[in-house]
Amino acid sequence: MSEEPLYSVRTAAKLLGMSEYMVRHWTRKGELHHVRVDGGPAILFERQELDRFGEMISGLTVHEVAAMLGLTGDAVRAYSYRGQLAARKALGELRFDHTEVLRFAAEHGFVVRELVVAKVA
């Protein structure tokens, strides 16, 4: 193991913008890899792993894209499945790059609505 700092579940949750419950959930599912120091009970994370996981889950969700374009989630999925709106799968969900959504909107004449994301403290 390297000499890099290790992060607690609480700190990992803050860095990833999710609840501690979800950090534990993805750890149990094997999607977010953790370490234990000297076999202790504490779940700790290396920064490189948090960065990897954060990159994997980044992007807009189907519901966020639907809200931006004034569509239903089913319509967004249909555009994606037809190859008109590029997406990738992350943890079983479709994720969309913001610039790809803007390209799609311009190409297909959609008016983009401002996406307001509320951050829960």
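These notebook entries follow the salt bridges that I looked up in this predicted model.

Entry 1, ground rules. I number residues from 1 along each chain as its sequence is written, and for side-chain values I use heavy atoms, with hydrogens and water left out. Because the model is predicted, I accept local features at pLDDT of at least 70 and side-chain atom pairs only at pLDDT 80 or more, while totals for chains, interfaces and linings use all residues.

Entry 2, count. I took a salt bridge to be a side-chain nitrogen of Lys or Arg within 4 Å of a carboxyl oxygen of Asp or Glu, and by this rule I count 8 salt bridges.

Entry 3, helix H5. I find Asp74 in a salt bridge with Arg77, with 3.2 Å between the closest N and O atoms. The two are 3 residues apart in helix H5 (residues 73–81), about one helical turn; helices are DSSP runs of H or I with at least four residues, numbered from the N terminus. For accessibility I call a residue buried under 20% relative accessible area, exposed over 50% and partly exposed in between (1.4 Å probe, protein chains only). Asp74 is exposed at 58%, whereas Arg77 is partly exposed at 27%.

Entry 4, helix H6. I note that Glu100 meets Arg103 in a salt bridge at 2.6 Å, N to O, and that they sit 3 residues apart in helix H6 (residues 98–108). Glu100 is buried at 16%, and Arg103 is partly exposed at 32%. Arg103 also forms a salt bridge with Glu107, at 2.8 Å between the closest N and O atoms, and Glu107 lies 4 residues away in helix H6. Glu107 is exposed at 53%.

Entry 5, network. I also find Arg10, Glu20 and Arg24 joined into one network by salt bridges that share partners.
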